[in-house]
2 protein chains.
Amino acid sequence: MEKYVYSFNEGSKDMKNLLGGKGANLAEMTKIGLPVPFGFTVTTDACFKYYEDGCMVNDEIKAQIFEKLKELESVMGKTFGDVSNPLLVSVRSGAPISMPGMMDTILNLGLNDDSVMGLAEQTGNERFAYDSYRRFIQMFGDVVLEIPKAKFDKIFDGKKEEEGYQYDTELTPADLQYVIAAYKDLVEAEIEREFPQDPMDQLMEAVQAVFRSWNNERAILYRQLNGISSSLGTAVNVQSMVFGNMGETSGTGVAFTRSPVNGENRIFGEFLVNAQGEDVVAGIRTPQPIAEMEKAFPEVYQEFNRIAHLLESHYADMQDMEFTVENNRLFMLQTRNGKRTAEAAVKIAVDMERDGLIDRETAITRLEPAQIDQLLHPTFDKKQLESQKPLTKGLPASPGAACGRIFFSAEDAVEAVDDGMRVILVRQETSPEDLAGMVSAEGILTARGGMTSHAAVVARGMGKCCVSGASEIKVDEEKKLLTIGDEVFEEGDFLSLDGTTGNVYDGEIDTVAPELKGDFGTIMKWADDIRTLAIRTNADNPRDAQQAVEFGAEGIGLCRTEHMFFAEERISAIRRMILADNVKERRRALAKLLPYQKQDFMDIYSVMGERPVTIRLLDPPLHEFIPHTQTEIRALAEQYNLSYDKLSRKVRELQEFNPMLGHRGCRLAVTYPEIAEMQTEAIITAAVDIYLETGQKIVPEIMIPLVGLEAELAAVKKVVVETAETVFEASGVRLDYKVGTMIEIPRAALTADEIAKEAEFFSFGTNDLTQMTFGFSRDDTGRIIKEYRDKDIFEDDPFQTLDQKGVGKLVEMAAELGRKTRPNIKLGICGEHGGDPKTIDFCYRVGLDYVSCSPFRVPVARLAAAQAVVNNR
Amino acid sequence: MEKYVYSFNEGSKDMKNLLGGKGANLAEMTKIGLPVPFGFTVTTDACFKYYEDGCMVNDEIKAQIFEKLKELESVMGKTFGDVSNPLLVSVRSGAPISMPGMMDTILNLGLNDDSVMGLAEQTGNERFAYDSYRRFIQMFGDVVLEIPKAKFDKIFDGKKEEEGYQYDTELTPADLQYVIAAYKDLVEAEIEREFPQDPMDQLMEAVQAVFRSWNNERAILYRQLNGISSSLGTAVNVQSMVFGNMGETSGTGVAFTRSPVNGENRIFGEFLVNAQGEDVVAGIRTPQPIAEMEKAFPEVYQEFNRIAHLLESHYADMQDMEFTVENNRLFMLQTRNGKRTAEAAVKIAVDMERDGLIDRETAITRLEPAQIDQLLHPTFDKKQLESQKPLTKGLPASPGAACGRIFFSAEDAVEAVDDGMRVILVRQETSPEDLAGMVSAEGILTARGGMTSHAAVVARGMGKCCVSGASEIKVDEEKKLLTIGDEVFEEGDFLSLDGTTGNVYDGEIDTVAPELKGDFGTIMKWADDIRTLAIRTNADNPRDAQQAVEFGAEGIGLCRTEHMFFAEERISAIRRMILADNVKERRRALAKLLPYQKQDFMDIYSVMGERPVTIRLLDPPLHEFIPHTQTEIRALAEQYNLSYDKLSRKVRELQEFNPMLGHRGCRLAVTYPEIAEMQTEAIITAAVDIYLETGQKIVPEIMIPLVGLEAELAAVKKVVVETAETVFEASGVRLDYKVGTMIEIPRAALTADEIAKEAEFFSFGTNDLTQMTFGFSRDDTGRIIKEYRDKDIFEDDPFQTLDQKGVGKLVEMAAELGRKTRPNIKLGICGEHGGDPKTIDFCYRVGLDYVSCSPFRVPVARLAAAQAVVNNR
């Protein structure tokens with residue numbers, strides 16, 4: 001027979017999955033002899049059983065609850081529902097992972113028309129007893145019976161008004177009896193039966209309500225937002241009541257063992273004399289700082305201090321505790337690891353390691369990788385933010401805070417910045433042509449596009465704040481108007497963007513510059529000592545590369561060459577190349593690009609020293625470099641002295657129904673080998689020249705994108721190798737270089753054993769791999785993904801966190817097949833996922849050699865890579 | 001030591017891979033005692049070795065050739081290069097599979113300045129000897145030394161002109177000696193060395209030339225066109241010469257044991273008296289029908305007849321033979337299974353089975369499935385075709401012949417047909433809106449789109465001739481002009497299309513209606529008895545369904561519902577549905593569609609009887625139903641009484657960058673469950689009504705498209721099941737139905753074990769699965785695929801023949817995973833590949849239950865499914 005109910009003295013902190021976090025910690029505190037009101041926990045298994053049995057608590061579980069209740073009565077010397085000495089309990093939910101969305105606490109359960117009198121007698125406080133009963137009916141009615149709280153309030157406030165009272169405390173026992181009767185009538189009218197008088201019925205209904213609340217909307221949303229699996233289930237804690245509201249010798253409070261704000265090592269918290277449970281949080285009375293407790297209850301305070309330190313040592317982590325003082329006796333109601341800011345997390349971890357409380361491996365797990373962003377980007381002034389309501393919310397595409405005047409085109413944005421303004425670039429969606437505007441702007445706001453849209457990817461690459469896919473806004477780029485709800489913003493109006501939350505605010509909010517504390521550097525150093533994955537960065541220019549190196553990047557995992565082509569003097573050459581009618585013309589145009597490309601690579605090599613640099617050959621479809629509107633085409637035709645008809649025919653020919661699946665990647669190099677030739681020449685010549693100048697030996701890794709077939713890779717590799725040979729022969733210098741491919745097409749992963757015959761390295765391009773494996777265009781499915789997350793079809797956005805079941809299966813397969821053919825093949829990931837902690841854990845498990853991410857994610861990746869080692873021990 | 005050279009008496013017909021087809025058959029004929037001039041074969045292994053060794057014949061192989069040559073000399077009693085009695089040989093290529101693109105035959109090898117005199121003496125015919133030498137130098141110069149043939153012709157024709165001769169035969173021995181000297185000078189000038197005089201050098205150069213020719217352009221192209229692996233290699237046959245040109249008692253000929261045109265059981269062929277090798281084919285003299293040979297050489301004819309019958313019995317197949325008569329002695333130079341028309345193939349197979357020569361399993365393998373098309377579609381009159389040169393060539397998208405006046409829009413086409421014209425619809429590319437025009441037209445010609453473009457798929461579905469992706473044509477739909485090269489065609493001009501070859505002809509060519517002979521039915525019946533795969537069809541309307549049933553379809557594997565929405569009264573409702581602002585409006589529009597949909601399904605069910613019908617829920621992105629040009633939007637706005645701005649905003653919102661990977665398939669049903677509800681209601685109500693009317697029990701299979709996640713399928717399935725339940729409860733009738741999914745997204749295949757928890761059947765949608773697995777949009781990559789085939793990157797077009805290594809791996813994986821979860825899951829394929837023989841073989845091997853293809857492919861699939869059983873024994 002399975003055990004579904006555990007007394008607090010039967011469990012321990014290691015039983016979180018079964019008892020929930022709260023239950024496990026109550027058991028643990030009981031075990032180490034702390035003053036915990038006795039009780040028991042109904043397990044998460046009972047919760048599964050409840051759902052399995054069609055939302056019913058079966059007889060076996062009921063019997064076990066009943067048995068534990070008897071035990072509780074015997075321990076407490078009180079009887080459930082007794083008229084003279086009633087046992088009262090609190091019922092609280094407690095999932096394995098803390099979940100604010102779940103059911104509220106029910107206090108004073110066990111009260112009924114009879115036992116309320118027993119409570120009055122026992123405490124000698126009639127008013128307290130009836131008030132407790134009144135509160136219980138209201139809580140139970142609201143939380144368990146789902147009767148709108150407002151209906152209870154109406155009765156209560158009605159009575160106060162009728163009697164002319166200002167404060168709740170003015171109600172007399174008789175008034176409260178009146179309210180209780182009215183509450184009970186309300187309940188009967190709403191649920192068509194009496195308010196349950198049998199405490200056992202009350203208990204069972206409350207237990208079921210907790211189970212039910214596991215799947216309420218708030219809980220589901222919270223799980224979605226925090227990536228918590230819906231298969232965990234919740235436990236239920238039933239605990240004998242203690243009362244902090246029994247007069248001036250009683251009270252209740254919450255406290256942290258250290259400051260959750262900055263990590264300072266002193267007890268931090270608040271308490272209230274003569275108060276119960278929620279009063280501290282509810283804000284009816286202002287609670288006192290915890291230090292004041294020393295004055296109110298000096299002995300209790302000392303005891304609390306002792307327990308707090310004991311708990312922190314015991315858990316070896318900062319604790320967040322709830323306690324109650326009943327007639328000068330301290331009771332611990334809860335302890336758990338406290339939530340904290342990034343700043344606090346860093347300080348606490350380093351302090352604790354120094355004090356020998358935890359080792360370095362533990363220390364590095366105490367910082368949420370996602371939190372690191374807080375330490376790297378400017379943020380809004382918290383005070384100012386409190387008084388602001390967001391106008392709308394988009395996707396938190398690139399963290400940080402930005403504030404400026406809105407402009408609707410890249411040119412306008414650049415001009416405004418030249419005029420000394422701070423600018424927010426607002427676009428329907430950005431394209432590579434907006435790059436200059438994005439570079440100039442403080443932040444970017446787009447109406448369309450997901451977390452991996454052009455705007456998002458580029459902004460993250462630049463460490464620039466971006467809110468993308470703000471689907472509620474309307475952008476009229478022509479009229480230069482932005483509409484949010486009823487409000488219309490014109491060019492030049494101020495907006496503030498929070499790229500960390502996706503919030504968009506009206507007007508100006510001040511930003512605060514990032515502060516990198518010394519402790520942060522210490523933790524990063526520890527992480528580097530522990531991790532085995534190398535961390536590279538995605539960088540297309542020396543500035544980003546420099547930033548990434550400062551953040552600890554050990555190489556470039558992805559240098560996209562196409563971004564280099566948009567500068568004015570280059571775009572002209574690339575357009576001539578595209579419009580060329582024959583190889584000769586094409587080569588002539590490419591020859592103009594060569595010196596620029598070569599200089600680009602020399603600049604990047606200079607920054608990177610002898611760190612590896614992976615350079616991807618031209619990837620996007622050529623039409624991305626060509627204008628599409630009639631006016632633009634006409635202008636271009638004039639500029640190039642071409643007929644408008646001819647040019648527009650060419651533009652039409654280049655158009656594609658699904659450019660993502662069209663003529664791009666290595667397909668370009670198959671059709672126009674001269675492009676790959678020019679790029680290889682630039683890559684190798686730059687390496688040779690750097691070597692001749694400085695003696696520094698760069699090992700360029702030439703990456704051929706979008707490969708699906710071995711023969712395709714072989715064809716392009718041949719061009720690369722021949723070109724490199726020519727350079728070596730001409731220069732008399734011979735350097736090492738590698739030729740490899742991105743694995744971003746499902747077929748490449750499926751046939752990786754063949755691809756590896758040609759490829760010296762694989763870099764998983766998980767953006768495109770995810771798009772093709774799911775059949776989701778990231779530019780088109782922002783809304784669908786949101787809907788899927790709302791409907792619980794997706795646990796995570798697959799463009800943020802690698803889908804391990806599907807896309808991950810391909811990655812694992814490819815890694816295995818690749819190594820089968822070429823045991824020493826170098827494996828990395830360069831999709832946006834490379835900076836995602838869950839994905840990094842996966843990459844560690846499948847044995848990749850490195851992850852590559854945008855510069856501002858490098859510290860995140862360093863930490864996550866170290867945590868992967870520790871968490872997979 | 002490996003054996004690289006085999007004498008004819010050392011091999012047999014089963015050694016084709018080693019000896020090539022020609023060599024194996026020469027050995028076989030030798031083995032069974034037929035008169036074959038003795039010789040030997042250098043193996044395909046020697047060919048691999050040649051390439052392995054960097055295009056060199058190594059010493060070991062050379063030694064083996066020399067040894068066999070000695071043996072040949074001794075058997076023939078002649079010596080290579082001898083002045084009095086020289087051994088002469090022919091050198092011919094011979095790959096394991098017959099390959100016309102390979103090197104031409106070289107005759108008379110062994111002649112040089114000395115041995116030519118020996119030949120003159122030996123034959124007593126000086127003119128013959130010098131003419132043989134002259135021919136040898138020319139053949140060797142052209143084929144081995146790669147000297148342009150025209151240069152030899154210039155010398156020869158110059159001499160004739162100089163002497164005033166009309167015929168070649170007028171040249172005297174002295175003239176020929178002059179020509180020989182001039183030829184040798186030419187060779188020396190071209191290759192900067194003497195024409196090789198050493199017969200052994202001649203032989204080795206010829207052998208290498210054969211090996212080299214394996215990778216010449218013609219051979220590569222031929223292999224591509226015929227799907228022959230480039231890894232087979234070629235053998236070389238060296239055979240002692242016999243001469244058909246030694247006077248009136250000599251001759252040469254080619255013959256088939258039965259008619260390759262219609263299969264008639266009598267010897268069919270031609271011969272020429274006093275002629276050598278190519279003379280029969282070259283068309284200088286008109287050869288005589290083989291029957292005439294009886295008069296010229298009665299005894300030889302009888303002997304030939306005997307050998308022909310013997311060979312046919314021996315090979316149990318119709319033979320294509322070459323022979324030479326030298327001084328009344330018959331020599332067999334080659335035999336092989338003869339190529340034949342579909343009509344002949346059918347008759348020969350059935351006749352041979354009746355005569356007990358082959359069994360039924362063998363008989364069904366004697367018909368190329370691809371040939372069946374010839375029997376099902378109208379074709380051009382062959383006589384008329386001979387005098388026509390194609391204007392251009394597109395893709396053979398849908399077989400058949402069509403002739404008509406060209407029109408450039410669906411409306412114009414429909415109107416012209418209404419006016420009694422035959423019409424060819426010419427479009428840049430078709431879209432669903434062109435459907436009416438496609439139905440009306442005789443044939444369709446498009447400039448863009450591949451073998452699985454909209455035009456191609458729809459045309460094949462209708463069994464209508466289509467040439468797609470004719471990339472050399474220019475279509476100006478606005479001006480109604482078609483330009484091919486320099487020629488401009490206007491609306492109303494006649495064109496003729498051959499959908500079997502992709503050829504486009506000027507003007508009118510008569511078509512011939514298909515004749516389904518009784519023997520064809522017999523073969524199909526045999527195929528049905530043998531095959532295990534069921535054959536279904538892709539049909540969206542009763543007409544196609546009817547056609548398919550007549551062709552033997554056993555169910556519908558794919559009924560696409562979207563094609564049903566384009567009729568005028570429906571498109572209006574679907575547009576209102578799309579433009580609806582809320583669920584209520586959407587439901588109102590859908591309610592209008594319901595009766596149409598229901599009637600559609602009732603009509604299809606009526607045709608299909610109790611055969612299974614798989615119906616796919618709405619799949620394409622909604623913008624396909626909405627116009628996109630300003631004018632159209634303005635008209636629609638007026639029609640629907642909407643503001644132009646609102647409508648065009650909606651249209652813009654619906655636009656997608658990559659519609660293939662956008663909001664379509666089951667994603668529509670997740671967002672708008674009411675669409676799935678309406679369709680399910682129509683599907684189930686139609687089945688119920690048919691049952692109530694006729695008692696016929698349809699088991700509809702409801703197919704949810706584009707599923708990538710189990711949760712996605714579960715969400716839509718829930719809607720389907722609930723709707724079906726409602727119908728059953730309302731009607732009081734309960735019928736069986738199935739809910740399943742298309743596996744067309746790589747992720748679905750990778751996680752098929754999970755998907756199978758919800759899916760009762762999988763239907764592999766290999767069109768989309770191929771697109772996503774390769775990252776190739778079929779609408780955009782026609783040109784790339786052509787280029788890839790030209791460059792040998794693709795062996796087959798992956799949209800025609802399933803890519804077994806990549807896409808097939810996913811199919812196999814999904815089948816396995818699906819069966820693991822649900823052992824009795826039904827598995828089928830409904831992509832265009834379902835009608836491709838190679839793919840059908842694959843489907844048989846991975847254990848699918850059925851294939852589904854367009855109606856006109858059903859007979860092909862029946863045959864291919866039977867062949868799969870036989871070929872995998």
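**Close-ups of a two-chain predicted model**

**View 1. How chain B maps onto chain A.** Turn chain B by 180°, slide it 0.1 Å along the rotation axis, and it lands on chain A with an RMSD of 0.3 Å (a least-squares fit on C-alpha atoms of residues with pLDDT of at least 70 in both copies). That's the relation of a two-fold axis. Within chain B, B:N658 has the C-alpha nearest the axis, at 2.2 Å. This is a predicted model, so local features need pLDDT of at least 70 and side-chain atom pairs pLDDT 80 or more, while totals for chains, interfaces and linings use all residues. Residues are numbered from 1 along each chain, chains are lettered from A, and side-chain values use heavy atoms, leaving out hydrogens and water.

**View 2. The interface between chain B and chain A.** Chain B puts 53 residues into the contact and chain A puts in 52 (contact being heavy atoms within 4.5 Å). Together they bury about 4,500 Å², 58% of it on carbon and sulfur atoms; that's accessible area lost on being put together, with a 1.4 Å probe, summed over both parts. On the chain B side, B:F657, B:L661 and B:R747 lose the most area, together 14% of what that side buries.

**View 3. Helices α34 and α35 of chain B.** The axes of α34 (residues 837–846) and α35 (residues 858–871) come within 8 Å and cross at roughly 50° (helices are DSSP runs of H or I, at least four residues; axes are lines fitted to C-alpha atoms over the stretch in contact, with angles from 0 to 180 degrees between N-to-C directions). From α34(B), B:P837, B:I840, B:D841 and B:Y844 meet α35(B) residues including B:V860, B:A864 and B:A868.

Conventions:
Helices (H or I, at least four residues) and strands (E, at least two) are DSSP runs, numbered from the N terminus. Buried area is the accessible area (1.4 Å probe) that two parts lose on being put together, summed over both.
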